[in-house]
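Take a moment to look over the chain before reading on. We will walk from its surface to its salt bridges, then to its cysteines and its backbone.

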Amino acid sequence: MRGSVPAQHTARRATGLPRLALADGTVEALKWLGLVLMTLDHVNKYLLHDAVAWLYDLGRLAAPLFGFALAYNLARPGTLARGAYPRTLKRLALSGSVATVPFVALGGLGWGWWPLNIMAMLFVAAACMYLVEQGGALRMALAALLFLVGGGVVEFWWAGVAMCLAAWRYCRHPGWWPLVLWVAATAALFVINRNLWALAALPAIFAASHLPMRLPRLKLVFHVYYPAHLAVLWGLSRCILLAQSAP
């Protein structure tokens, strides 16, 4: 549901910044856009060996879009009371674990298994959000420890986790510091991406807040699709390899 007009006006008067209020269908559309860009990027990486530069560039938008969709949904009022965090964490853990097999099999990783896939990155971010929202010195310390340790073993590293956390904070309490951290963390993906195309996701997100869309919310599709498409790509890559090695 879209946020109320008075809430948006209050946030704008207090900080000069708009409160992001997206229709459920619009959030879903951003996830579908991220899914399409991710798929094209993976086809380019695993089947075309990064031969198409513009597919690589567009693929850099996928992680920021997925991170925002997670952050926005978990920033909704009443998320903690509804038990949404444990459900989200379970889905991310299951999808990420299943995806690890084809993700590792496809190769191109640092140390065989490192880093863990993007579902693991989203899991670490969501777990940090969960601890922070529960509050208390111990949970805040655990969130900081999880960020430091978890951020070092997941895809997109600490920058990816920080990007999700900053987006979550901005969605909950719009302000200049969350926005600056959001932009800075997204820009820091340059270390991994070697370009700044990830930043293009931010204006797309803010523009999308003015485009109410009607798409059904399919919670499990993305969690099933991620490991499934990696498995398909692994199968195709093996078929291509066998075809090339055939006499």
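A surface patch here is built from residues with over 30% relative accessible area and no salt bridge, and nonpolar side chains are joined within 5 Å. Keep in mind that this is a predicted model.

Start with the nonpolar surface. Trp-32, Leu-211, Met-213, Leu-215, Leu-218 and Val-221 form a patch there. Together they offer about 450 Å² of accessible area. Pick out Val-221, which sits in helix α12, residues 219-245. Why can Val-221 belong to a patch? Its relative accessible area is 31%, so it is partly exposed, and the patch cut-off is over 30%.

Now turn to charge. Arg-82, Arg-87, Arg-217 and Lys-219 make up a positive patch on the surface. One of them, Arg-217, lies in the loop between α11 (201-208) and α12. Arg-217 is partly exposed, with a relative accessible area of 40%.

Next come the salt bridges. How many does the structure hold? There are four. One of them joins the side chains of Asp-24 and Arg-76, at 3.0 Å from N to O. This pair links distant parts of the chain, 52 residues apart. Asp-24 is in helix α2, which covers residues 24-46. Arg-76 is in the loop between α4 (62-74) and α5 (84-105). The two partners are covered to their own degrees. Asp-24 is partly exposed, at 28% relative accessible area. Arg-76 has 17% and counts as buried, because buried means under 20%.

Another bridge stays within one helix. Glu-28 and Lys-31 meet at 3.7 Å, N to O. Both lie in helix α2, three residues apart, which is about one turn of the helix. Are these two residues buried or exposed? Glu-28 is buried, at 1% relative accessibility. Lys-31 is buried as well, with a relative accessible area of 13%.

A further bridge pairs Arg-60 with Asp-41. Their closest N and O atoms are 2.5 Å apart. Arg-60 lies in the loop between α3 (53-59) and α4, while Asp-41 belongs to helix α2, so the pair ties together parts that are 19 residues apart in sequence. Both Arg-60 and Asp-41 are buried.

What about the cysteines? The structure holds zero disulfides. Take Cys-164 as a case. The closest cysteine sulfur to its own is in Cys-128, 9.9 Å away, which is too far for a bond. A disulfide needs the two sulfur atoms within 2.5 Å. Cys-164 is buried, at 0% relative accessibility. Cys-239, by contrast, is exposed, with a relative accessible area of 51%.

Finish with the backbone. Find the peptide bond from Trp-114 to Pro-115. This bond is cis, with omega near 0°. Pro-115 is placed in the loop between α5 and α6 (118-134).

Then look at phi. Which residues have a positive phi without being glycine? His-49 is one of them, with a phi of about 55°. It is found in the loop between α2 and α3. There His-49 is exposed, at 64% relative accessible area. Phe-156 is another, with phi near 70°. Its place is in the loop between α7 (137-150) and α8 (157-172). Phe-156 is buried, with a relative accessible area of 13%. So one of these loop residues is exposed, and the other is buried.

Notes:
Residues are numbered from 1 along each chain as its sequence is written. This is a predicted model: local features need pLDDT of at least 70, side-chain atom pairs count only at pLDDT 80 or more; totals for chains, interfaces and linings use all residues. Side-chain values use heavy atoms; hydrogens and water are left out. Patches are made of residues with over 30% relative accessible area and no salt bridge: like charges are joined within 9 Å, nonpolar side chains (Val, Leu, Ile, Met, Phe, Trp, Tyr) within 5 Å. Accessible areas come from the Shrake-Rupley method with a 1.4 Å probe; for residues, only the protein chains shown count as cover. Helices (H or I, at least four residues) and strands (E, at least two) are DSSP runs, numbered from the N terminus. Buried means under 20% relative accessible area, exposed over 50%, partly exposed in between (1.4 Å probe, protein chains only). Lys and Arg count as positive and Asp and Glu as negative; His and the chain ends are not counted. The place of a charge is taken as NZ of Lys, CZ of Arg, CG of Asp or CD of Glu.
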